[in-house]
Amino acid sequence: FAPGMDTLVSMGTLAALGFSLYTIGVGGKDSYVETGAVITALILLGRFLEARSRGEASRAIEKLIKLGAKTAHRIDEHGKEREIAIEEVKVDDRIRVRPGEKIPVDGVIEDGSASVDESLLTGESMPVRKDVGDTVYGGTINLDGAIVFRAKGVGADMVLSKIVQMVNEAQTVKAPIQKFVDRVAGVFVPIVIVIALATLVVWYLTTGNLASSIVPAIAVLVIACPCAMGLATPTAIMVGTGLGASRGILIKNGESLERAKKIDVVLFDKTGTLTEGHPAVTDVISAQPDFTPDQVLSLAASIETLSSHPLAQAVARAATEKNLTFLPVIGFEQVAGKGVKGMIDGSTIVVGSPSLLSEYHIPIESHSAQIEQLESDAKTVIGVAKDGSPVGFFGIADRVKEESAGAVASLKRQGIDTAMVSGDNERTARAIARTIGITEVFARVLPDAKMDIVKNLQSKGKKVAFVGDGINDAPALVQADLGIALGTGTDIAIEAGNIVLMKGNPLKAVEALTLSRRTFTAIQQNLFWAFFYNVAAIPLAAFGLLNPIIAAGAMAFSSISVVLNSLRIKRVGMK
């Protein structure tokens with residue numbers, strides 16, 4: 001009493017075979033055994049082709065599973081190395097990976113460094129440099145350098161395993177639109193059965209011939225089979241989520257696809273989402289003609305590298321990236337909250353805020369214009385002095401990601417509004433927003449207020465997507481109509497998001513929205529053509545203008561066309 005997709009075909013073939021067996025038994029000449037056989041053959045052929053197409057759509061997931069390492073080199077407590085099966089690796093095991101090998105499980109590097117190809121997870125082709133303390137992921141490839149890491153995520157706890165599980169769930173959980181299709185089919189099938197019975201009765205009353213009456217009735221049952229309607233949603237979701245997985249975009253469920261279709265505004269968290277999330281040197285200004293910017297940086301970094309302060313480490317990182325020389329320092333002294341000082345080659349070096357330089361009576365008045373310019377750009381200013389004279393200044397800020405401006409511009413072209421949410425002060429937030437192209441800024445926002453901002457926009461009838469990466473973003477990610485979490489962020493944020501971006505690239509958020517919209521559009525196209533096909537063909541079958549065998553072939557073609565339309569998603573660029 002719950003008619004489904006196969007009910008009509010089953011009734012059609014059974015009616016043909018049952019009537020044929022009856023006529024053969026009574027010695028009649030009218031037999032439709034071949035009709036039932038050919039209908040079954042064509043339907044099975046269609047199902048076979050559909051299965052192959054569905055398999056092609058799921059190939060990205062199969063690749064994820066197959067690309068995992070099969071063995072690992074475990075180092076025991078005596079320092080001896082032994083090759084073991086991947087299933088034997090336990091948390092806290094020490095694992096060695098040589099150049100060219102796959103990293104077997106997730107872990108944290110304890111010794112060595114290497115460039116790692118993480119394209120399997122992130123979709124990005126550029127290798128990532130990994131050093132001691134960095135996290136490595138199972139299934140990625142060590143391109144150079146030998147590393148030893150301690151296993152932290154094994155088996156089902158590996159990022160790769162979670163990706164496979166999430167994508168599989170996205171492909172099996174029904175989207176809201178699919179549930180609507182099931183309800184329609186539940187009403188559609190009984191109506192078709194009534195039409196088929198009416199066709200049989202009308203033809204029999206008109207012709208008086210049962211044989212000629214049963215053929216159009218069977219054709220009605222077969223042609224009306226809504227198999228294509230049943231395939232419309234799952235095939236598109238399988239293709240869309242599979243393609244997303246291969247590009248570093250994890251769509252957790254079909255509902256996320258539907259939500260992404262209606263987004264009006266995208267809210268970006270600032271730190272770690274639009275910016276790198278850590279301070280970096282953006283400007284190096286020489287204050288004396290006999291000091292080049294690199295010399296200023298080398299001098300400052302030599303003493304700053306001895307400090308653990310984030311701004312000091314930013315200076316040291318900048319010098320390291322340029323392969324500058326670090327000079328020996330004696331008499332290192334840290335001035336709490338202001339800077340550092342020490343001796344280099346017999347000279348007193350002071351590195352710190354302008355106020356610290358003023359305390360040491362170092363004249364910086366002639367450089368006030370440069371300092372004010374850096375501060376107006378929301379940058380922290382650090383001065384460098386040698387033997388009581390300023391030699392240079394640094395501008396330090398949380399550097400904007402290269403892709404941020406492109407992501408905002410792309411959303412604007414699509415007619416989607418953008419806004420930035422930040423806990424920073426108004427001046428800093430607006431300075432960063434200005435460089436990215438965002439005009440609406442919410443500054444000095446506490447974690448719970450982010451969710452309130454989302455609620456406020458929703459109360460105005462807006463459909464809101466929130467892009468974030470931190471624990472403090474989790475409430476807003478849940479509240480938003482669509483939560484997009486960066487995979488470089490915290491586990492809590494990732495769990496809260498509807499879509500997870502494995503790379504912290506804002507352009508991936510745009511790509512995720514584009515992929516979601518195109519997938520949902522394919523679902524709508526599939527449903528329209530499947531329903532239109534059924535409705536248009538039923539009258540032809542009822543008037544005897546459609547042979548059951550031709551009807552079966554057309555029905556199979558309808559199902560295949562839906563799958564082929566879904567596969568078109570893979571051939572459309574995401575730009």
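This is a short walk through one pocket and two buried residues in a predicted model.

Quick ground rules. Residues count from 1 along each chain as its sequence is written, and side-chain values use heavy atoms, with hydrogens and water left out. Since we're on a predicted model, local features need pLDDT of at least 70 and side-chain atom pairs pLDDT 80 or more, while totals for chains, interfaces and linings use all residues.

Okay, G272. You'll find G272 in helix 10; helices here are DSSP runs of H or I, at least four residues, strands are E runs of at least two, and both are numbered from the N terminus. G272 is buried, at 8% relative accessible area, where buried means under 20% with a 1.4 Å probe and protein chains only. Its contacts (heavy atoms within 4.5 Å), leaving aside neighbours within four places in sequence, are G277, K401, D469 and L486. Take D469: 197 residues from G272 along the chain, yet their C-alpha atoms are 6.6 Å apart.

Next, K341, which sits in strand 14, residues 339-344. So what is the nearest side chain of opposite charge to buried K341? That's E333, 4.4 Å away, and K341 has no salt bridge. A salt bridge needs a side-chain nitrogen of Lys or Arg within 4 Å of a carboxyl oxygen of Asp or Glu; Lys and Arg count as positive, Asp and Glu as negative, with His and the chain ends not counted. Not counting residues up to four places away in sequence, K341 touches I303, G331, F332, E333, I349, V350 and Y360.

Note on methods
Buried < 20%, exposed > 50% of the residue type's maximum accessible area, 1.4 Å probe, protein only.
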